[in-house]
Every structure is written in C-alpha cells, then in structure tokens.
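Grab your viewer and work through these exercises at your own pace. Each task comes with a solution you can follow step by step.

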Amino acid sequence: MDSNPHPVLGVTLLLLLVATMVLGQDDSLMASEKPRVIVTSDGEIDDECSMVRFLLYANEFDIEGIITSSSQYHAHGHNWAGDDWARPYLAAYAKVYPNLVKHDPRYPTAEFLQSRTLLGNVKAEGEMDEVTAGSQRIVEVLLDAADERPVWIQAWGGTNTIARALKTIEQQHPDRMAEVAKKIRFYFIWEQDETYQRYIRPHWGKYGIQTIISDQFVALFYHWKKYVPEEQQSYLAAEWMKVNLLEGHGPLCSLYKAHTKEDKGLSEGDFRSEGDSPAFFYNIPNGLRSDESPGWGGWGGRFVRVRENTWLDPVSEPGYEYPAGRWYTGSAWGRLRLKKEISGDEALVSYLKPQWRWIDALQNDFAARADWCVKEFNEANHHPVVKMNGKLNRNVKPREVVQLDATATDPDGDELTVRWWQYCEADSAEATVRIKNSDSAHNASFIVPNESGKEVHIIVEVTDSGTPPLVRYQRIVCQIE
Ligand SMILES: [Ca+2]
Ligand SMILES: [Ca+2]
Ligand SMILES: [Ca+2]
C-alpha cells in the first residue's frame, strides 16, 4: 500500500508552507489573511441584492455568521421578508458552488454557510431582551479566546442583535468585556434602531471600539440616479446589468432583484439598491488596506473620526456640527440633504464621492464573479496580483525622492496597465505631489513635500486587459519626518 496516498496534496501543503514563510518576512502577509466577518441583516430587498454579491465574495472572508435582525424598517409583522429569507440564496449558491471552486478553492460549501446562518432578534424594532440563536453565535465568536483576530461585525439593519450579544457577555462575563471589545470592529449602515445609543455606547463606549457608521452608502441606494455621475451610472444601467449579471450567469445571479418596471426614471433591469454592501466592501482584501484605518478610504468608503473611536462621513459644510446621538435617516447629513431634493446638487455628489468613485471597479469585480458561476477557468477573468517592492509603510524626509516599484502579474496572462496616484483625500499632506513616470511599474517616483509630521498615501492601481477588466492595488503610506 502506498504510504503517502496524497503525494500531490503533500507537495501543495509544503509549497503553501514555504509561501507562508516567505510572505511572513514582509508586511504583505497581513493583507493575505482573510478578514473574519459577521453579517447582521434585516432582509430588505436591497439586503437581498447585497446577499447575492456577498456570497460571491465568500472566498475572501472567514464568515463567522449571517444573522437576521430587525430594524426600524423591518421586523415581525412589519414588512418582514421571513425568518428564512436568506435560504433561497444559499440554495442557489449550492448550485453554483461546484463552478466557483474552479476559480478559487477557498469558497466555503453552502452547508457550512447554512450552519452559520441564524435567526437573531427580529420580533420588534430595537428588541434586545430575548437571547436568540443569532445573538448567541456572536457571543460564541467573541468569547473564543483561541482566535484573537479582529471580528468585523456589520449591521445591514438594526444593531439590536449585536447589542443583545454584548449584553449577554456583560451579564455573564463582565471580567472579559475589555478582551472582547479589543477584537470588535463595527461597520453600521446608519443606526437603524436605538440600541447603539441606548445600550452599546453607554456600556461599551469606555473600550473605544472602532465604529464606522456610514451615510455615504446612499451612493448605492435606491436614488442613485440623482447623484451618481453619468460615467459611473453606465455600470448600474439595465444594458450593463443584463449582459454582465442578470442573464446567463446561473441560478444565484438570476435571483438578483434589479428593477422590474419603469418607475421614477428607472427601467426594467436597472440596478435597484445595495445600501448595505459597503459594510463588506470595506473588508475585501484588494490591496487598498482600507481596513487599517477608516480614514484611509477604499471600496467601503472613507470616514473621519468624530468622537472617541467613532467614524462618520466627511461633511465639508463650514461650521457643521455632527449630532451628539444617532447617525441615521433623521440626522445624517446626506440623508437630510437628499430630502431637500436640490436638482444637480454638487455638494451631495461630492459628499458621496468616497463611495461612488469605485463603482466601475466594484461592478467589474462583481461581473467577473458572476462569470465564475458558469464559466471554466480559462474562459473567465481573474485578478492581477500586485506586490510592492519595498516597504508599505515608510519614513521619508522632506524633499526626498521616493522611488516607487511594484511587481504585477496576472494568472490569465493578461496585459496590465499600471497607474500610480496620490490618494489626496485620504492623506494628511496638503500638497498634491507630481508622480514621475506614473504609468511605469518599476520607475515611478515623487518628491516628498515639505510637510513634517504629515502623511502621503500613494496607490498603485493595476488593471488587467481581461473581460471584464479587473483591478488590484497596493498602498504606500509615507510618514514625513
Ligand atoms: Ca438592510
Ligand atoms: Ca486577469
Ligand atoms: Ca491630503
């Protein structure tokens, strides 16, 4: 009998081990680790759209939970999609899974995802008295001392199930609150009930949990036609949606609920809404490193620190004061502005730019994964791989010439276009630097501005020649001495 029944597997494991050891020597290992995420969702129709997309990113995350929760909009007896609303999506995922793994073996099985799909607190808006299967799953993940990695807890609906879980921990393990808080990262799509203000802030605020509360998600919300610029709108229009997602892409994408009829300037097949998707866009490991600080910006938007460790949307209105309490439909700047219905509202367009600026990249990325549901590896496109040569975080001196050098490859052998650019909105430097040879992978450079104590953020963006074109990035953060 063969003493080694899996020689190929043995070699693969060895290669993986060697690769891990090599990667471990620079900072790119950080970027290659899969983020741990817990989704809580209120099952709205735009959550259903987000769920189709999220499942196509199941290879990128360690999904610890998909938990249904209520919100101010949805609860038992109130526009409720059903406790099991996610089930048809997981069933469709099961059908496309055998094809998805041809493109990335890291996709989890539908059975695994179903085992982590649980019902949270859903009986009423803000209900957090009952201990539920969903709240207990969050407790279990947070109390698992064996895994110290951060847990990104997303609220696509109310924060009530999350609040219930934290209350259980406070009641049963008050001595472990600090340890638990250290792991938590929050990303909320508005505060869709009062439980963050009523319970989480007063009881957990002292631990300074990093908390993002987005209003700029409105860029991908029902009213997108009013403020997404024309060139980005084409990626949301029926013509693009039908060819790239809705038709001929298998049972999961065919469940995607685009617009069904002519209504308020929207056509059948147009993008409807995915207001909650930025909560997981933020964690997609695309090289932008946005999850290292909410202020750095990326596919899930860009935020400013408003109080303690709470990050909200950057408002540029002079003298503006953020509300002391909830950031939601009744108070968030963009939402209130939208209600004014100012035609051609440039201030609103600019406020939402941190989110809409990525729509082309996001939609192409979605479309490639839709292809993965039905196509063979050699018929579909896959991401370029970008590696920065040299450190990702650098200390530099004023007026120093910084050499920029990256290596980009593509698993499909596509041609690659390189573009270096300064992420001016994300960095603290006032100056806009001129990047010499900004289309060269190995020969770009810039001169550090004379701004001691500030940072310059430089992105290398690599786009492949495949269909749809896919992009990956790396970011250098230069700290000026
Ligand atoms: Ca929602
Ligand atoms: Ca490619
Ligand atoms: Ca700047």
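**Exercise 1. Work out which atoms coordinate the calcium ion (ligand 3) and how its donor residues are spaced in sequence.**

Step 1. Pick out the donors, meaning N, O and S atoms within 2.8 Å of the metal (3.2 Å for Na, K and Ca); water is not among the atoms, so sites may look incomplete. Here you get C424 (O), D427 (O), D427 (OD) and A429 (O), at 2.3 to 2.6 Å.

Step 2. Read off the spacing of the donor residues: C-x2-D-x1-A.

Step 3. Check burial, where buried means under 20% relative accessible area, exposed over 50%, and partly exposed in between (1.4 Å probe, protein chains only). C424 comes out partly exposed because its relative accessibility is 30%, while A429, at 8%, counts as buried.

A word on conventions: this is a predicted model, in which local features need pLDDT of at least 70, side-chain atom pairs count only at pLDDT 80 or more, and totals for chains, interfaces and linings use all residues. Residues are numbered from 1 along each chain as its sequence is written, chains are lettered from A and ligands numbered from 1 in the order in which they are written, and side-chain values use heavy atoms, with hydrogens and water left out.

**Exercise 2. Find the protein donors of the calcium ion (ligand 2), then see which parts of the chain D410 and D464 come from.**

Step 1. List the donors: N381 (OD1), H382 (O), D410 (OD) twice, D412 (OD), D414 (OD) and D464 (OD), all lying 2.3 to 2.6 Å from the ion.

Step 2. Lay the donor residues out along the sequence, and the pattern is N-H-x27-D-x1-D-x1-D-x49-D.

Step 3. Place the pair, with helices (H or I, at least four residues) and strands (E, at least two) taken as DSSP runs numbered from the N terminus. D410 sits in the loop between β12 (406–409) and β13 (416–422), and D464 in strand β15 (residues 455–464); they are 54 residues apart, so this pair links distant parts of the chain.

Step 4. Look at accessibility: D410 is buried because its relative accessible area is 13%, and D464 is buried at 4%.

**Exercise 3. Do the same for the calcium ion (ligand 1).**

Step 1. Its protein donors are D42 (OD), D47 (OD) twice, W156 (O) and D276 (OD), at 2.3 to 2.5 Å.

Step 2. The donor residues are spaced D-x4-D-x108-W-x119-D. D42 lies in the loop between β1 (36–41) and α3 (45–56), whereas W156 lies 114 residues away in the loop between β4 (151–155) and α7 (160–172).

Step 3. Both D42 and W156 are buried.

**Exercise 4. Trace the open sheet of eight strands and find its edges.**

Step 1. Two strands pair if DSSP finds at least two bridges between them. The order is β3-β2-β1-β4-β5-β6-β8-β7, with mixed pairing.

Step 2. At the edges are β3 (117–119) and β7 (304–307), each pairing on one side only.

Step 3. Zoom in on β1 and β4: they pair in the parallel sense over five bridges, and T40 has A155 in β4 as its bridge partner.

**Exercise 5. Describe the surroundings of Q72.**

Step 1. Q72 is in the loop between β2 (62–68) and α4 (87–103), and it counts as buried because its relative accessibility is 19%.

Step 2. Contact means heavy atoms within 4.5 Å. Beyond its neighbours within four places in sequence, Q72 is in contact with several residues, including H78, E125, E191 and R326.
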